[in-house]
Amino acid sequence: MEVINKMVTLLPNVEVLKIINETRARETKKKKHDQDSKLSTLLFETSSYLNQTPVASQNEEHFCKLVEVLKPVKLTQAEILQIANLRPSSSIELQLIIEDCEERIKTEEQLELKSLQCYHRWRQNLWTRAKQPTDRKRANTEYDRAYFGFVLA
Amino acid sequence: MFILSEMQDIVAVVPHHFKNQLKETLHNSLNWRFANKVIVDLGLCVCLYDILHVGDMFILACDGRGHVPVRFRFIIFRPFVDEILEAKIVSSTEAGITLSVGFFEDIFIPMHKLPCPNGFEKTEQTWYWAYGQEEGEPPTKLMMEAGSTVRFRVVENIFKDVRPDPNDEPSKNEKSFQVIGQMMESGLGCLTWWNNEGEEDEEEEEDGEEQSANGEEDEDMSAE
């Protein structure tokens with residue numbers, strides 16, 4: 001075994017979740033004695049973790065559009081990736097992700113980033129009003145759709 | 001959190017798999033070989049991304065298997081330094097806190113990288129952040145309980161080449177891949193500490209809305 005290229009690229013969690021779901025589907029189609037239990041366990045654990053993050057209701061289209069929208073802000077690949085993975089909803093979280101946030105990002109650009117955060121308030125409303133777990137899951141999905149729908153619009 | 005790595009390996013295909021599609025067999029074989037294994041200085045292999053190139057199959061003497069050189073890309077879990085991640089607290093000791101992301105449980109925050117000022121509750125075996133209020137008031141103890149989700153920044157990835165010796169007990173507990181993090185900056189630590197900023201405003205709004213909703217209900221009752 002030889003490692004040719006240690007790091008071809010960073011992968012967004014959206015992409016990883018998609019591949020994991022495809023691999024899981026392929027595994028379930030196999031006969032039981034052919035299935036790899038270690039792989040199934042690992043894929044199950046990883047997809048459980050990723051489904052609890054904002055990535056659960058994203059798709060590749062959202063990610064591509066997010067990259068386009070954030071082009072004028074001039075962020076590094078790692079910063080865009082973290083924004084997509086974590087979906088920061090406050091200025092504290094943004095400052096953690098973006099190095100030297102106040103120096104690099106001017107007021108107008110910050111406002112654009114903050115408008116992505118404004119949907120957090122809408123989401124909080126849905127979340128606190130929804131009492132059933134299914135309602136909360138629906139609230140989360142609606143919020144994520146809106147967050148990235150804003151990006152697509 | 002995840003990276004893509006290009007690797008090359010020679011896969012041995014057993015004769016009873018010759019009737020199957022080669023790519024399918026290679027897919028299964030590579031996942032079986034690498035998934036959930038740590039490659040030193042690379043990371044934890046998760047699953048196969050794609051196969052780039054399949055070489056010509058050759059046969060070795062006295063071996064019925066066919067050997068195929070394959071170039072492929074694998075999804076590797078290796079958070080980069082200074083990345084922000086979210087994980088759940090598994091356990092706390094006096095040395096620090098162990099976190100887990102489900103598929104990987106060797107994330108460690110040493111005690112000197114926890115939010116300051118802090119303390120360790122021996123009875124509950126949990127760390128807490130002594131959040132200083134205004135002067136004169138005692139600091140509130142914000143506990144970091146097991147099971148709660150926290151945000152942390154990656155400081156270092158430690159790789160150790162652990163020798164596979166089944167008789168040696170200490171080597172079984174050695175970790176080949178460990179992620180060290182820190183929670184000293186503002187915004188890091190339990191998610192609930194930082195989410196409360198927005199929630200307080202929301203509670204006020206919600207109370208206002210509930211009162212108006214109740215007012216409407218009363219009107220309906222009186223109308224009936």
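**Salt bridges, patches and loops in a two-chain model**

Glu185(B) and Arg153(B) form a salt bridge, with their closest N and O atoms 2.9 Å apart. I start there as a way into chain B. Before going on, I should say that this is a predicted model.

That pair links distant parts of the chain, as the two residues are 32 residues apart. Glu185(B) sits in the loop between strand S13 (177–182) and strand S14 (189–190), while Arg153(B) belongs to strand S12 of chain B. Is Arg153(B) buried or exposed? Its relative accessible area is 11%, and the cut-off for buried is under 20%, so Arg153(B) is buried. Glu185(B), at 30%, is partly exposed.

Now a second bridge in chain B. The side chains of Glu121(B) and Lys141(B) meet at 3.0 Å, N to O. This pair also links distant parts of the chain, 20 residues apart: Glu121(B) is in strand S9 (residues 118–121) and Lys141(B) is in strand S11 (residues 140–144). Lys141(B) has 47% relative accessibility and therefore counts as partly exposed.

The third bridge goes from one chain to the other. Arg151(B) and Glu93(A) meet in a salt bridge at 3.6 Å, N to O. Arg151(B) lies in strand S12 (residues 149–159) of chain B, and Glu93(A) lies in helix H5 (residues 91–97) of chain A, so the pair crosses between chains. Both of these residues are buried. How many salt bridges are there over all chains? The count comes to eleven. Some of them share partners: Glu93(A), Glu86(B) and Arg151(B) are joined into one network in this way.

Next, chain A. Its secondary structure comes to eight helices and one strand. Along the sequence, the strand comes at the start of the pattern, which reads β-α-α-α-α-α-α-α-α. Chain A has 153 residues, of which 44% count as buried.

One helix of chain A is worth a stop. Helix H4 covers residues 77–86 and is mostly covered, with eight of its ten residues buried. Which residues are these? They are Glu79(A), Ile80(A), Leu81(A), Gln82(A), Ile83(A), Ala84(A), Asn85(A) and Leu86(A). As background, an α-helix has 3.6 residues a turn, so residues three or four places apart point the same way. After H4(A) comes Arg87(A), which has a positive phi, near 50°.

Staying in chain A, Pro12(A) is in the loop between strand S1 (2–11) and helix H1 (13–29). Pro12(A) is buried, because its relative accessible area is 8%. The C-alpha atoms of Pro12(A) and Ala78(A) are separated by 9.5 Å, and these residues are 66 residues apart along the chain.

Chain B has a proline to look at as well. Pro79(B) is in the loop between S5 and S6 of chain B. With 0% relative accessibility, Pro79(B) counts as buried. From Pro79(B) to Glu6(B) the distance is 17 Å, C-alpha to C-alpha, and the two are 73 residues apart in sequence.

Asp82(B) is found in the loop between strand S5 (66–77) and strand S6 (84–93) of chain B. Asp82(B) counts as partly exposed, because its relative accessibility is 43%. Which residues form a negative surface patch with Asp82(B)? They are Glu99(A), Asp100(A), Glu102(A) and Glu103(A).

There is also a nonpolar patch on the surface. Ile10(B), Phe58(B) and Leu60(B) form it, and together they have about 260 Å² of accessible area. Phe58(B) is placed in strand S4 (residues 58–59) of chain B. Its relative accessible area is 33%, so Phe58(B) is partly exposed.

Last, a record. For residues 9–63 of chain B, UniProt lists "domain: RNA polymerase Rpb7-like N-terminal", and the entry is unreviewed. In the model, that span is 24% helix and 38% strand. What is the distance between the end C-alpha atoms of residues 9–63? They lie 18 Å apart.

To go back over the bridges: Glu185(B) pairs with Arg153(B), Glu121(B) pairs with Lys141(B), and Arg151(B) pairs with Glu93(A).

How values were computed
Residues are numbered from 1 along each chain as its sequence is written. Chains are lettered from A and ligands numbered from 1 in the order in which they are written. This is a predicted model: local features need pLDDT of at least 70, side-chain atom pairs count only at pLDDT 80 or more; totals for chains, interfaces and linings use all residues. Side-chain values use heavy atoms; hydrogens and water are left out. Patches are made of residues with over 30% relative accessible area and no salt bridge: like charges are joined within 9 Å, nonpolar side chains (Val, Leu, Ile, Met, Phe, Trp, Tyr) within 5 Å. Accessible areas come from the Shrake-Rupley method with a 1.4 Å probe; for residues, only the protein chains shown count as cover. A salt bridge is a side-chain nitrogen of Lys or Arg within 4 Å of a carboxyl oxygen of Asp or Glu. Lys and Arg count as positive and Asp and Glu as negative; His and the chain ends are not counted. The place of a charge is taken as NZ of Lys, CZ of Arg, CG of Asp or CD of Glu. Helices (H or I, at least four residues) and strands (E, at least two) are DSSP runs, numbered from the N terminus. Buried means under 20% relative accessible area, exposed over 50%, partly exposed in between (1.4 Å probe, protein chains only). UniProt positions are given in the numbering used here, feature names are shortened, and annotations may be inferred rather than shown by experiment.
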